[in-house]
Amino acid sequence: MEEKKIPQEDSTEKPKKVETAEDVLKRIEENYDLDEDLDETSDDEEDEENQEELQESSEQQENGEEEVEETDPPILDLSYEVNQKEMSTSLIRSNFSGGNLIMSIVACTIGGIGFIYYFIKAISSGINNYYLLSLMCLGIIFIATIFQIYMINSHVKKMNDKFPFRMRVYSDRIEMGPKENAFVMEMNGQYQSEIYKEIMIIYVKRSIVILPKRCCDEETFEKIYEIVKAGTKPRKK
(Lines give C-alpha, C1' and ligand atoms only; values in the text may rest on other atoms or scores of the structure.)
Protein backbone atom coordinates (compact mmCIF):
# COMPACT_ATOMS: atom_id res chain seq x y z
CA MET A 1 0.00 0.00 0.00
CA GLU A 2 1.13 3.47 -0.80
CA GLU A 3 1.49 5.81 2.08
CA LYS A 4 -0.47 9.01 1.88
CA LYS A 5 1.76 12.01 2.21
CA ILE A 6 0.38 14.56 4.53
CA PRO A 7 1.08 18.05 3.11
CA GLN A 8 3.28 20.00 5.38
CA GLU A 9 2.81 23.65 5.93
CA ASP A 10 5.22 25.89 4.13
CA SER A 11 7.59 27.15 6.69
CA THR A 12 8.33 30.15 4.45
CA GLU A 13 4.85 31.65 4.88
CA LYS A 14 4.81 34.55 7.29
CA PRO A 15 2.44 34.30 10.22
CA LYS A 16 -0.48 36.67 10.16
CA LYS A 17 0.14 39.85 12.14
CA VAL A 18 -2.23 40.43 15.01
CA GLU A 19 -3.59 44.02 14.98
CA THR A 20 -3.01 45.67 18.28
CA ALA A 21 -4.93 48.60 19.83
CA GLU A 22 -2.17 51.01 18.78
CA ASP A 23 -2.47 49.89 15.18
CA VAL A 24 -6.23 50.46 15.26
CA LEU A 25 -5.81 53.99 16.63
CA LYS A 26 -3.18 54.75 13.99
CA ARG A 27 -5.46 53.55 11.21
CA ILE A 28 -8.34 55.70 12.51
CA GLU A 29 -6.09 58.77 12.62
CA GLU A 30 -4.96 58.19 9.03
CA ASN A 31 -8.57 57.90 7.86
CA TYR A 32 -9.47 61.10 9.79
CA ASP A 33 -6.64 63.03 8.17
CA LEU A 34 -7.82 61.84 4.78
CA ASP A 35 -11.34 63.09 5.50
CA GLU A 36 -9.98 66.49 6.56
CA ASP A 37 -8.03 66.79 3.32
CA LEU A 38 -11.15 66.02 1.35
CA ASP A 39 -13.14 68.66 3.32
CA GLU A 40 -10.46 71.30 2.79
CA THR A 41 -10.39 70.53 -0.92
CA SER A 42 -14.16 70.90 -1.15
CA ASP A 43 -14.05 74.17 0.88
CA ASP A 44 -11.39 75.56 -1.47
CA GLU A 45 -13.51 74.68 -4.46
CA GLU A 46 -16.54 76.41 -2.88
CA ASP A 47 -14.47 79.53 -2.13
CA GLU A 48 -13.27 79.66 -5.72
CA GLU A 49 -16.84 79.34 -6.98
CA ASN A 50 -18.02 82.12 -4.63
CA GLN A 51 -15.20 84.40 -5.77
CA GLU A 52 -16.08 83.80 -9.39
CA GLU A 53 -19.75 84.61 -8.68
CA LEU A 54 -18.81 87.83 -6.84
CA GLN A 55 -16.53 88.86 -9.68
CA GLU A 56 -19.26 88.25 -12.23
CA SER A 57 -21.83 90.21 -10.19
CA SER A 58 -19.41 93.14 -9.74
CA GLU A 59 -18.70 93.16 -13.48
CA GLN A 60 -22.43 93.16 -14.20
CA GLN A 61 -22.94 96.02 -11.75
CA GLU A 62 -20.15 98.04 -13.34
CA ASN A 63 -21.60 97.41 -16.77
CA GLY A 64 -25.00 98.48 -15.49
CA GLU A 65 -23.56 101.71 -14.08
CA GLU A 66 -21.82 102.41 -17.36
CA GLU A 67 -25.08 101.88 -19.21
CA VAL A 68 -26.86 104.32 -16.87
CA GLU A 69 -24.16 106.91 -17.38
CA GLU A 70 -24.39 106.52 -21.11
CA THR A 71 -28.19 106.60 -21.29
CA ASP A 72 -28.59 109.47 -18.79
CA PRO A 73 -25.77 111.98 -19.32
CA PRO A 74 -26.06 115.48 -17.78
CA ILE A 75 -26.96 118.35 -20.06
CA LEU A 76 -24.29 120.51 -18.41
CA ASP A 77 -21.47 119.66 -16.03
CA LEU A 78 -19.77 122.56 -14.21
CA SER A 79 -16.96 122.89 -11.68
CA TYR A 80 -16.59 126.37 -10.19
CA GLU A 81 -15.51 128.39 -7.16
CA VAL A 82 -17.44 131.00 -5.22
CA ASN A 83 -15.61 133.88 -3.56
CA GLN A 84 -16.34 135.17 -0.07
CA LYS A 85 -18.23 138.24 -1.23
CA GLU A 86 -20.63 136.21 -3.40
CA MET A 87 -21.23 133.70 -0.63
CA SER A 88 -21.82 136.40 2.00
CA THR A 89 -24.18 138.28 -0.31
CA SER A 90 -26.20 135.13 -0.97
CA LEU A 91 -26.36 134.14 2.70
CA ILE A 92 -27.49 137.61 3.77
CA ARG A 93 -30.07 137.59 0.97
CA SER A 94 -31.43 134.28 2.26
CA ASN A 95 -31.65 135.70 5.81
CA PHE A 96 -29.10 133.18 7.01
CA SER A 97 -27.92 134.09 10.51
CA GLY A 98 -25.25 131.49 11.19
CA GLY A 99 -26.21 131.52 14.86
CA ASN A 100 -29.22 132.14 17.05
CA LEU A 101 -30.93 134.90 15.08
CA ILE A 102 -33.79 135.31 17.56
CA MET A 103 -31.41 135.97 20.46
CA SER A 104 -29.50 138.51 18.39
CA ILE A 105 -32.71 140.33 17.43
CA VAL A 106 -33.85 140.38 21.07
CA ALA A 107 -30.45 141.71 22.21
CA CYS A 108 -30.48 144.46 19.57
CA THR A 109 -34.07 145.42 20.44
CA ILE A 110 -33.35 145.62 24.17
CA GLY A 111 -30.14 147.53 23.51
CA GLY A 112 -31.94 150.01 21.26
CA ILE A 113 -34.75 150.65 23.72
CA GLY A 114 -32.27 150.96 26.61
CA PHE A 115 -30.11 153.40 24.67
CA ILE A 116 -33.04 155.70 23.86
CA TYR A 117 -34.37 155.55 27.45
CA TYR A 118 -31.07 156.26 29.23
CA PHE A 119 -29.97 158.87 26.70
CA ILE A 120 -33.18 160.86 27.27
CA LYS A 121 -32.78 160.49 31.06
CA ALA A 122 -29.19 161.69 30.80
CA ILE A 123 -30.19 164.81 28.87
CA SER A 124 -33.12 165.64 31.15
CA SER A 125 -31.33 164.99 34.45
CA GLY A 126 -27.72 165.71 33.53
CA ILE A 127 -26.53 162.65 35.43
CA ASN A 128 -23.45 161.13 33.84
CA ASN A 129 -24.34 157.60 34.90
CA TYR A 130 -27.21 157.60 32.40
CA TYR A 131 -24.75 158.40 29.62
CA LEU A 132 -22.69 155.44 30.71
CA LEU A 133 -25.76 153.16 30.68
CA SER A 134 -26.75 154.36 27.20
CA LEU A 135 -23.24 153.56 25.95
CA MET A 136 -23.54 150.07 27.44
CA CYS A 137 -26.77 149.54 25.50
CA LEU A 138 -24.96 150.56 22.31
CA GLY A 139 -22.29 148.01 23.19
CA ILE A 140 -24.95 145.27 23.35
CA ILE A 141 -26.14 146.17 19.85
CA PHE A 142 -22.57 146.24 18.56
CA ILE A 143 -21.67 142.85 20.05
CA ALA A 144 -24.84 141.17 18.70
CA THR A 145 -24.19 142.55 15.20
CA ILE A 146 -20.51 141.56 15.18
CA PHE A 147 -21.44 138.08 16.37
CA GLN A 148 -23.77 137.55 13.42
CA ILE A 149 -21.20 138.86 10.93
CA TYR A 150 -18.55 136.57 12.41
CA MET A 151 -20.83 133.52 12.21
CA ILE A 152 -21.69 134.26 8.57
CA ASN A 153 -18.03 134.71 7.59
CA SER A 154 -17.10 131.53 9.47
CA HIS A 155 -19.80 129.61 7.59
CA VAL A 156 -18.56 131.02 4.28
CA LYS A 157 -15.00 129.93 5.03
CA LYS A 158 -16.11 126.41 5.97
CA MET A 159 -18.12 126.04 2.75
CA ASN A 160 -15.26 127.25 0.57
CA ASP A 161 -12.74 124.99 2.32
CA LYS A 162 -14.99 121.95 2.36
CA PHE A 163 -15.28 121.22 -1.36
CA PRO A 164 -15.15 122.82 -4.82
CA PHE A 165 -18.61 123.38 -6.23
CA ARG A 166 -19.66 120.76 -8.80
CA MET A 167 -23.02 121.12 -10.56
CA ARG A 168 -24.54 118.58 -12.97
CA VAL A 169 -27.68 119.79 -14.67
CA TYR A 170 -30.27 117.34 -16.02
CA SER A 171 -33.65 118.04 -17.58
CA ASP A 172 -35.50 117.09 -14.36
CA ARG A 173 -32.94 117.59 -11.58
CA ILE A 174 -29.70 119.20 -10.48
CA GLU A 175 -26.95 117.33 -8.64
CA MET A 176 -24.38 119.03 -6.44
CA GLY A 177 -21.15 117.42 -5.27
CA PRO A 178 -19.34 114.23 -6.27
CA LYS A 179 -21.26 111.64 -8.30
CA GLU A 180 -21.15 108.92 -5.64
CA ASN A 181 -22.41 111.22 -2.86
CA ALA A 182 -24.35 113.93 -4.68
CA PHE A 183 -27.07 116.16 -3.26
CA VAL A 184 -30.01 115.84 -5.65
CA MET A 185 -32.55 118.61 -6.20
CA GLU A 186 -35.59 117.48 -8.10
CA MET A 187 -36.98 120.21 -10.32
CA ASN A 188 -40.61 119.53 -9.37
CA GLY A 189 -41.64 122.90 -7.94
CA GLN A 190 -40.77 122.27 -4.28
CA TYR A 191 -37.95 124.86 -4.13
CA GLN A 192 -37.71 128.61 -4.75
CA SER A 193 -35.16 130.45 -6.87
CA GLU A 194 -34.13 133.90 -8.10
CA ILE A 195 -31.27 135.87 -9.63
CA TYR A 196 -29.83 138.41 -7.19
CA LYS A 197 -26.88 140.62 -8.15
CA GLU A 198 -25.95 138.28 -11.02
CA ILE A 199 -26.04 135.25 -8.74
CA MET A 200 -28.53 132.44 -9.27
CA ILE A 201 -29.79 131.29 -5.87
CA ILE A 202 -31.85 128.15 -5.23
CA TYR A 203 -33.42 128.07 -1.76
CA VAL A 204 -33.33 124.49 -0.47
CA LYS A 205 -35.04 124.26 2.93
CA ARG A 206 -32.48 125.75 5.38
CA SER A 207 -29.67 125.97 2.84
CA ILE A 208 -28.97 127.50 -0.55
CA VAL A 209 -27.30 126.55 -3.83
CA ILE A 210 -25.69 129.37 -5.78
CA LEU A 211 -24.16 129.84 -9.21
CA PRO A 212 -22.53 133.23 -9.96
CA LYS A 213 -22.96 134.36 -13.52
CA ARG A 214 -19.21 134.91 -13.93
CA CYS A 215 -18.53 131.16 -13.46
CA CYS A 216 -19.74 130.28 -16.97
CA ASP A 217 -20.55 131.92 -20.27
CA GLU A 218 -23.82 133.76 -20.69
CA GLU A 219 -25.44 131.12 -22.91
CA THR A 220 -24.68 128.32 -20.40
CA PHE A 221 -25.96 130.43 -17.52
CA GLU A 222 -29.21 131.13 -19.36
CA LYS A 223 -29.73 127.42 -20.14
CA ILE A 224 -29.26 126.48 -16.50
CA TYR A 225 -31.56 129.21 -15.27
CA GLU A 226 -34.27 128.21 -17.75
CA ILE A 227 -34.26 124.67 -16.31
CA VAL A 228 -34.22 126.01 -12.74
CA LYS A 229 -36.94 128.56 -13.46
CA ALA A 230 -39.20 125.89 -15.01
CA GLY A 231 -38.70 123.51 -12.06
CA THR A 232 -38.88 125.94 -9.14
CA LYS A 233 -41.08 128.71 -7.77
CA PRO A 234 -40.06 132.38 -7.77
CA ARG A 235 -38.87 133.48 -4.37
CA LYS A 236 -41.36 135.34 -2.26
CA LYS A 237 -40.22 138.87 -1.60
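Two strands pair if DSSP finds at least two bridges between them. With that noted, I opened this predicted model and started with strand β1.

**Entry 1: β1 and its partner.** I looked up how β1 is held to strand β2, which covers residues 165–169, and found 5 bridges joining the two. The two strands run antiparallel. For one spot along this pair, I checked S79 and found it opposite R166 in β2.

**Entry 2: the whole sheet.** Next I asked in which order the strands of the sheet come. I read β1-β2-β3-β4, an open sheet of 4 strands with antiparallel pairing. I then looked at the edges, where β1 (76–80) and β4 (183–186) stand. Each of these has a single partner strand, so one side of each is left without a neighbour in the sheet. I also noted the turn between neighbouring strands here: 15 degrees on average, direction ignored.

**Entry 3: a helix on the sheet.** Which helix packs on this sheet? I found helix α5, residues 218–231, touching β1, β2 and β3 (173–176). I wrote down its direction too, which makes about 110 degrees with that of β1.

**Entry 4: E194.** I moved on to strand β5, residues 192–195, where E194 has its place. Is E194 buried or exposed? I found a relative accessible area of 5%, and buried means under 20%, so E194 counts as buried. I then followed its side chain and met R93: a polar contact of 2.9 Å joins the side chains of the two residues.

**Entry 5: M103.** For another residue to visit, I picked M103, which lies in helix α3, residues 101–125. Its relative accessible area is 53%; the cut-off for exposed is over 50%, so M103 is exposed. I also looked up how far M103 is from A144. In sequence they are 41 residues apart, and in space I read 8.6 Å, C-alpha to C-alpha.

**Entry 6: stepping back.** Finally I took in the protein as a whole, and counted 5 helices and 8 strands. Following the sequence, I wrote the pattern down as α-β-α-α-α-β-β-β-β-β-β-α-β. Of the 237 residues in the protein, 25% are buried, and E194 is one of the buried residues. I looked at contacts with a separation of 6 or more, and 64% of them are between residues 24 or more positions apart. My last note is on the accessible surface, which comes to about 18200 Å². Carbon and sulfur atoms hold 54% of that surface.

Key
Residues are numbered from 1 along each chain as its sequence is written. This is a predicted model: local features need pLDDT of at least 70, side-chain atom pairs count only at pLDDT 80 or more; totals for chains, interfaces and linings use all residues. Side-chain values use heavy atoms; hydrogens and water are left out. Buried means under 20% relative accessible area, exposed over 50%, partly exposed in between (1.4 Å probe, protein chains only). Axes are lines fitted to C-alpha atoms, for helices over the stretch in contact, and angles run from 0 to 180 degrees between N-to-C directions. Contact means heavy atoms within 4.5 Å. A polar contact is a pair of N or O atoms within 3.5 Å; within protein, one must be able to donate a hydrogen and the other to accept it, and residues adjacent in sequence count only if both atoms are side-chain atoms. Accessible areas come from the Shrake-Rupley method with a 1.4 Å probe; for residues, only the protein chains shown count as cover.
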